[in-house]
Amino acid sequence: MNHTESTICALASSIGKGGIGVVRVSGPLSQTIAKKMLGLLPKPRYAHYGSFLDQDAVEIDQGIALFFPRPHSFTGEDVLEFQGHGGIIVMRSLLESALALGAQAAQPGEFSKRAFLNGKMDLVQAEAVADIIDANSDQASRCALRSLTGVFSKQVNTLTRSIIDLRIFVEATIDFSDEEIDFLQSEQVKEKVQAIKTEIEQILHSATQGAILREGLNVAIAGKPNAGKSSLLNALTQRSSAIVTDVAGTTRDVLRETIHINGMPLNIIDTAGLHESQDVVEKEGIKRARDVIKQADVVLMMYDAQELEPDFSLLPADIEYKYLLVIKNKIDLTNERVEKNSINQKTQLSICAKNVQGIDLLKQELADIAGLDSSAEGVVLARKRHIIALEAAQESIVNALLQLDGGAIELMAEDLRHAGQSMASITGEFSSDDLLGEIFSSFCIGK
């Protein structure tokens, strides 16, 4: 069933010059546009080679056209594709001709949104289209493909069905309390709730790993001026990303670089040295450094090995760190060795960033902090909204267990309803228009 009446068009290939460019059209006017711009309606799902004409029958280009009649297309609508020479003028002329013949310019993600609305894919699969395009590692691409082929959706749907079935049982007890329905008094129901809780935890673990692969860890390097922060950034990226001198306060702004550890993106952020300063530029750099530190997943607190201990008072005092790792740098000056120990109940790594000593130890520690198992099977590329929904479902199931133990059956049924809604929001079975708008607006135009 088609949920739209308009016809849309967009460039489906990269913007710029290339050997081949693709313009995609979707909607009820696709056949009319094909007859005008090709002089005929191509045979479904066959490559037709010929001339591309504008609305005045003037030849624009020669190339291949493909026609996919509804519902057997990506969007579930009639879809027409022009594959021509990838010149900017050619692609613009094809788009202008389609627009002149009644099509509208597609909004970001509108093709995928129509595929979702027409039942060609669920919301997780639609998001996976964008994730495959944006994947920045082989592992992230493979995980996104699992989502696209329905692995994640199947897990979610199976668990959602289990929650709904259990809720039906509970509500049957409420509705027929005078009958001999006493399964809530048995251990079987509690076992079912426990099993659902365990399944949510397993899916949440997999999704969390997928979110790490998709978004990476934000790692802020903090410390006094001249502690070696920029040297550490260069050692991690293996290039001269930051200027390194013996002059304190060289870094005055935030520097960002991304590396990969076992397929996991690591967003490394070098910050200005933390200290009291009256310099206007330095003060702004320090302010930005504190803002970055507050938002980071991991903070690397660096200090010079010639000092007795790090000065933790330099860090923002009004936050709880997700993870704080102490880096004792410049051990070449104190004749110490690379090692891992603890200081003030915090993990400390002794390294020499300048000589690239201990960097592998740091990378492994960061991978351990992320909890990423690069060899894990079945990991899917998840988004933050998936994590939030799974955590909400988990909380509702925990509450349902408490209500069961307390004999509050009506409240248990309500918690199960909330858990089911949270799970259904992942695949889009239960979602608001605002959520759909937010999701698809992040896609590229031609998807």
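**Buried charges, sheets and cores in a predicted model**

At 12% relative accessibility, D304 counts as buried, because the cut-off for a buried residue is a relative accessible area under 20%. This value, like the others reported here, was computed from a predicted model. D304 forms a salt bridge with K330, and the closest N and O atoms of the two residues are 3.5 Å apart. The pair links distant parts of the chain: D304 belongs to strand 10, whereas K330 lies in the loop between strand 11 (324–329) and strand 12 (339–343), 26 residues apart. K330 has a relative accessible area of 17% and is therefore buried. Both ends of this salt bridge thus fall in the buried class.

A search of the whole structure finds 14 salt bridges. In general terms, side chains of opposite charge can pair when their charged atoms come close. One of the salt bridges joins E414 to R417, with the closest N and O atoms 2.5 Å apart. These two residues both lie in helix 12, three residues apart, which is about one turn of the helix. E414 is partly exposed, at 34% relative accessibility, and R417 is also partly exposed, with a relative accessible area of 24%. Elsewhere, E77, E110 and R114 are joined into one network by salt bridges that share partners. A further salt bridge is formed by E339 and R337, whose closest N and O atoms are 3.6 Å apart. In this pair, E339 has a relative accessible area of 24% and is partly exposed, whereas R337 reaches 60% and is exposed. R337 is placed in the exposed class because that class begins over 50%.

Strand 10 (residues 298–304), which contains D304, pairs with strand 7 in the parallel sense over five bridges. Within strand 10, V298 is the bridge partner of V219. Strand 7 also pairs with strand 9 (residues 264–270), again in the parallel sense and over five bridges. Here N218 stands opposite N267 in strand 9. Strand 7 itself (residues 217–223) is mostly covered, with six of its seven residues buried. As a general point, strands of a sheet pair through backbone hydrogen bonds, either parallel or antiparallel.

An open sheet is built from six strands in the order 3-4-5-2-1-6, and its pairing is mixed. Its edges are formed by strand 3 (48–53) and strand 6 (104–105), each of which pairs on one side only. Strand 6 runs parallel to strand 1 (residues 8–11), and two bridges join them. In this pairing, C9 stands opposite A105 in strand 6. Helix 1 (residues 30–38) packs on the sheet and touches strand 2 (18–26), strand 3, strand 4 (59–68) and strand 5 (79–86). The direction of helix 1 makes about 35° with that of strand 5.

C9 is buried, since its relative accessible area is 3% and the limit for burial is 20%. C352 is likewise buried, with a relative accessible area of 2%. The count of disulfides in the model comes to zero.

S97 provides a further case of a buried residue, with a relative accessibility of 2%. This serine lies in helix 2 (residues 88–100). Leaving aside residues up to four places away in sequence, S97 touches M37, L53, D54, Q55 and I60. Among the residues touched by S97, M37 falls within the range of helix 1 and L53 within that of strand 3. I60 falls within the range of strand 4.

The largest nonpolar core has 32 residues. Those with the most contacts inside this core are F152, M412, L416, M423 and I426. Helix 6 (151–175), helix 7 (187–215), helix 11 (384–406) and helix 12 (409–427) each supply at least two residues of this core. A second, separate core has 27 residues, among them A227, L232, A353 and I359. Helix 12 thus contributes residues to the largest core and also holds the salt-bridged residues E414 and R417, both of which are partly exposed.

Definitions and conventions:
Residues numbered from 1 in each chain as written. Predicted model: local features only at pLDDT ≥ 70, side-chain atom pairs only at ≥ 80, totals over all residues. Heavy atoms only, no water. Helix = DSSP H or I, 4+ residues; strand = E, 2+ residues; numbered from the N terminus. Buried < 20%, exposed > 50% of the residue type's maximum accessible area, 1.4 Å probe, protein only. Contact = heavy atoms within 4.5 Å. Core = buried A, V, L, I, M, F, W, Y, C linked by side-chain atoms within 4.5 Å. Pairing = 2+ DSSP bridges. Axes fitted to C-alpha atoms, helices over the stretch in contact; angles between N-to-C directions. Disulfide = S-S within 2.5 Å. Salt bridge = Lys/Arg side-chain N within 4 Å of Asp/Glu carboxyl O.
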